[in-house]
Amino acid sequence: MRVLVAGATGAMGTELVPRLVDAGHEVFAMIRGESNKARASQLGAVPVVADALDRAQVEAAVREAAPEVIVNQLTAIGHIDARHFDRSFAATNRLRIEGTDNLLAAARATGVRRFVAQSNGAFTYTRTGGPVKNEQDPLDRAPVGQMAPMIAALEHLERAVLGAAWTEGIVLRYGAFYGPGTSMAPGSEQLEMIRKRKFPVVGDGGGVWSFVHIADAAEATVAAVENGSRGIYNIVDDDPAPVAEWLPELAAMLGAKKPMRVPRFIGRLAAGPAGVVLMTELRGASNAKAKRELGWHPTHPTWRQGFQAVR
């Protein structure tokens, strides 16, 4: 198939594009500027240039590529500052709203038959009820103020993609990425903070995280491109775990001392309300649907195994 990947040179695109090429697809990489052409070509894709926030440019790029499938991996996430969570996600929120709308408009104009989009299942589910959520569970209906814009942007993206009756809309709610190119890669700032005991457990550390290795997420995306049906899929590993469990184990793997523990009010002062939510109130996600319907099984079924590779 002819597949256009928007966000093709980011952490996910770098893993995804070669896999699509190896699977026999003709891949086009939508890139923002000429400077990324060489990188897109190295990954095996044909570059097409467009600013995702410029509707005319996006439509021209999509017409040039004439894809059967579009994969929207548009993000602009750098270092995440929990105290200023809204600022950290501001550019990505805009891409998830305006960029998604532009891609969908171009897809409709050119008759794209399947549209796969990146969402988030790591930090977004409702914080009530059981510790592990499935695709039928809602996103957080009462998020703290710093996280509200991110969740609103994701809800916009999901409604737009799933509501496009003229194409097969697929939403992938990825877990927290780790591995090459992510915020949890060897030598990354986040791992160094853990190594230096600057990443404490807040409160009871009861927030449940669902992780996924970036390579496993890319494999799941290929499966969605080829075999997915309209709807939502959680793309996470088999082992949701509370912060109080995974953080000390990762620290031990890094050869660091056990993380410090601080009460919630100290965590709130240091990391803001969003930081407290991430540490104490998150819910994990189940991958049963993706395994059942996509035939996908993560190579790193548990973060315990996967983290060994990012030490």
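These are my notebook entries on a predicted model of a protein.

**Entry 1: overall form**

I started with the whole chain. I counted 11 helices and 15 strands in the protein. Next I looked up the radius of gyration. The value is 19 Å, and the globule rule gives 19 Å for 311 residues, so the protein is as compact as a globular protein of that length. I then boxed the C-alpha atoms along the principal axes and got roughly 55 × 35 × 35 Å.

I checked burial over the full chain. Of the 311 residues, 54% count as buried. The exposed surface comes to about 12300 Å², with carbon and sulfur atoms supplying 51% of it.

I also asked how far along the sequence the contacts reach. Taking contacts between residues at least 6 apart in sequence, I found that 78% join residues at least 24 apart.

Charges came last in this entry. I have 35 positive and 32 negative side chains. The centres of the two sets lie 5 Å apart.

**Entry 2: strands E1 and E2**

I went to the start of the chain. Strand E1 covers residues 2–6, and five bridges join it to E2. The two strands run parallel. For a register mark I noted Val 3, whose bridge partner in E2 is Val 27.

Is E2 enclosed or open? Strand E2 spans residues 26–31, and five of its six residues are buried, so E2 is largely enclosed by the rest of the structure.

**Entry 3: helix H1**

Helix H1 takes in residues 11–22. I listed its buried residues: Met 12, Gly 13, Glu 15, Leu 16, Val 17 and Leu 20. What do they pack against? I found E1, E2, strand E4 (69–72), strand E7 (168–174), strand E8 (176–178) and helix H7 (214–227).

Glu 15 caught my eye on that list. Its relative accessibility is 15%, and the cut-off for buried is under 20%, so Glu 15 counts as buried. Leaving out residues up to four places away in sequence, Glu 15 touches Pro 180, Ile 214, Ala 215 and Ala 218.

I then looked at Ala 11, also in H1. Its relative accessible area is 28%, which makes Ala 11 partly exposed. Beyond its neighbours within four places in sequence, Ala 11 is in contact with Pro 180, Gly 181, Thr 182 and Ile 214. I also took one distance for Ala 11. Tyr 178 is 167 residues from Ala 11 in sequence, yet their C-alpha atoms are 9.9 Å apart.

After H1 comes Gly 24, with a positive phi near 100°.

**Entry 4: strands E4 and E5**

E4 and E5 pair in the parallel sense, over four bridges. One register mark here is Ile 70, whose bridge partner in E5 is Phe 115.

How many residues of E5 are buried? Strand E5 runs over residues 114–120, and I found seven of its seven residues buried. In a regular strand, side chains alternate between the two faces of the sheet. I sorted E5 by direction. Arg 114, Val 116, Gln 118 and Asn 120 point one way. Phe 115, Ala 117 and Ser 119 point the other way. Both sets are buried.

**Entry 5: positive phi outside glycine**

Most residues other than glycine have a negative phi. I looked up two residues that depart from this.

Ala 66 has a positive phi of about 45°. Ala 66 sits in the loop between helix H3 (55–65) and E4. At 41% relative accessibility, Ala 66 is partly exposed.

Arg 197 has a positive phi too, near 60°. I placed Arg 197 in the loop between helix H6 (189–195) and E9. Its relative accessible area is 30%, so Arg 197 is partly exposed.

**Entry 6: Gly 207**

I closed with Gly 207, in the loop between strand E9 (201–202) and strand E10 (208–209). Is Gly 207 buried or exposed? Its relative accessibility is 0%, so Gly 207 counts as buried.

What surrounds Gly 207? Not counting residues up to four places away in sequence, Gly 207 touches Ala 241, Pro 242 and Val 243, and also Leu 278, Met 279, Thr 280, Glu 281 and Leu 282. For a distance I picked Trp 246, which is 39 residues along the chain from Gly 207. The C-alpha atoms of Gly 207 and Trp 246 are separated by 11 Å.

Note on methods
Residues numbered from 1 in each chain as written. Predicted model: local features only at pLDDT ≥ 70, side-chain atom pairs only at ≥ 80, totals over all residues. Heavy atoms only, no water. Rg over C-alpha atoms; globule rule 2.2 N^0.38 Å. Buried < 20%, exposed > 50% of the residue type's maximum accessible area, 1.4 Å probe, protein only. Contact = heavy atoms within 4.5 Å. Areas by Shrake-Rupley, 256 points an atom, 1.4 Å probe, with all protein chains shown as cover. Lys, Arg positive; Asp, Glu negative; His and termini not counted. Charge placed at Lys NZ, Arg CZ, Asp CG, Glu CD. Pairing = 2+ DSSP bridges.
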